[in-house]
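Trainee: I'm new to this one, so could you walk me through it and tell me how each label is earned?
Mentor: Sure, let's have a look together.

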Amino acid sequence: MTDIDKARGYYYEFFAYPLFFHESKEHYSRFLDQARYLATQPIGEDDAAAFETILSFDFEAFKREQNDVLFDFSYANIPLTASFYHEGRDNGPKRMAVIDLLKKTPYRRDEEKSHNVPEDYLGFIFRFAATLLEGDRSEIAGELFVSVTNDFADEFAEMLAAHKNAVFFKAYARLFANFIALERSILGLKAPARPEKSVAKAAMEKKPFQSKMPTPKSKLFWNESSLAES
């Protein structure tokens, strides 16, 4: 594994954590340790301020904002599956794209630890990318970015940054956008063309729309990893 792949994997792991519901201060403390380390190697000029904002949040403040921004609505808020950004519904073709890539590896979704999280859940995608890079499978990690992540990344970051309650997640979105720009540079890609009307936003405007994703009551845990080797 090259140093750059190691760094990319570390960033993907960092971006995965805040998208899962947690009750462990220990895991959050580990996340903050990652933030401190990554802050020493910023990607963009505005990364320092973003890391400073994230590091100012204790566990209770993080949980409150995470609930406000990601989980605290009966109807769709910020979409958290790649399929929803692609065609305005969960459990779509992007899930199959991730499954097809999983089949090329010895890794599988751990049913016990994943707690109903589909393969195209954004946090799962980021953790999968980290696992691939850590396991010297950078070619498949590149395929994952090209076929899945590149399509939703910009809109996901924009929705987070625009959320009225986002402070932590606005900083997260800034770091994520800078990282995606770096990934495109490494992989020789451009941002995909954006449609005039967002498919995800159009679906969210339909009333009523209830997401198929689990609610906070089902607690989206991230116990070390939702991937297991077969």
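## How the labels are earned

Mentor: Let's start in helix 9, where Phe 152 and Phe 156 are four residues apart and therefore separated by about one helical turn. Keep in mind that this is a predicted model.

Trainee: Why is the pair of Phe 152 and Phe 156 called edge-to-face?
Mentor: Their planes stand at 75°, and anything over 60 degrees counts as edge-to-face. The ring centres are 6.5 Å apart, and the limit for a pair is within 6.5 Å, so the label fits. By this rule the count comes to 34 aromatic pairs.

Trainee: Are Phe 152 and Phe 156 buried or exposed?
Mentor: Phe 152 is buried, and so is Phe 156.

Trainee: What makes the largest nonpolar core, and which residues have the most contacts inside it?
Mentor: A core of this kind is a set of buried nonpolar residues joined through side-chain atoms within 4.5 Å. The largest has 70 residues, and Phe 126, Phe 128 and Phe 156 are among those with the most contacts inside it. Helix 9 gives the largest share of this core, 11 residues.

Trainee: What does Phe 128 touch?
Mentor: Leaving out residues up to four places away in sequence, its contacts include Val 98, Leu 101, Tyr 107, Leu 144 and Leu 227.

Trainee: How do you know that Lys 94 and Asp 151 form a salt bridge?
Mentor: Their closest N and O atoms are 2.7 Å apart, and the cut-off is within 4 Å, so the pair qualifies. This pair links distant parts of the chain, with Lys 94 in helix 6 and Asp 151 in helix 9, 57 residues apart.

Trainee: Why is Lys 94 called buried?
Mentor: Its relative accessible area is 9%, and buried means under 20%, so Lys 94 is buried. Its partner Asp 151 has 39% relative accessibility, so Asp 151 counts as partly exposed.

Trainee: What makes Arg 127 and Glu 134 a salt bridge?
Mentor: Here the closest N and O atoms are 3.9 Å apart, which is still within 4 Å. Arg 127 counts as buried at 9% relative accessibility, whereas Glu 134 is partly exposed at 38%. Elsewhere, salt bridges that share partners join Asp 5, Arg 8 and Glu 183 into one network.

Trainee: Where do Asp 33 and Arg 36 sit relative to each other?
Mentor: Both belong to helix 2 (residues 25–39), and being three residues apart, they are separated by about one helical turn. Their side chains meet in a salt bridge, 2.9 Å from N to O. Asp 33 is partly exposed at 43% relative accessibility, and Arg 36 is partly exposed at 44%. By the salt-bridge rule, the count comes to 12.

Trainee: Why can such side chains pair at all?
Mentor: Because side chains of opposite charge can pair when their charged atoms come close.

Trainee: Why is Asp 136 called exposed?
Mentor: Its relative accessibility is 52%, and exposed means over 50%, so Asp 136 makes the cut. Asp 136 lies in the loop between helix 8 (122–134) and helix 9 (138–162), and its phi is near 60°, a positive value in a residue other than glycine.

Trainee: And what makes Asn 91 partly exposed?
Mentor: Asn 91 has 42% relative accessibility, which falls between the 20% and 50% limits. Its place is in the loop between helix 5 (82–87) and helix 6 (93–102). Asn 91 also has a positive phi, about 60°, although it is not a glycine.

Conventions
Residues are numbered from 1 along each chain as its sequence is written. This is a predicted model: local features need pLDDT of at least 70, side-chain atom pairs count only at pLDDT 80 or more; totals for chains, interfaces and linings use all residues. Side-chain values use heavy atoms; hydrogens and water are left out. Helices (H or I, at least four residues) and strands (E, at least two) are DSSP runs, numbered from the N terminus. Buried means under 20% relative accessible area, exposed over 50%, partly exposed in between (1.4 Å probe, protein chains only). Contact means heavy atoms within 4.5 Å. Rings of Phe, Tyr and Trp (its six-membered ring) pair if their centres lie within 6.5 Å; planes under 30 degrees apart count as stacked, over 60 as edge-to-face and the rest as tilted.
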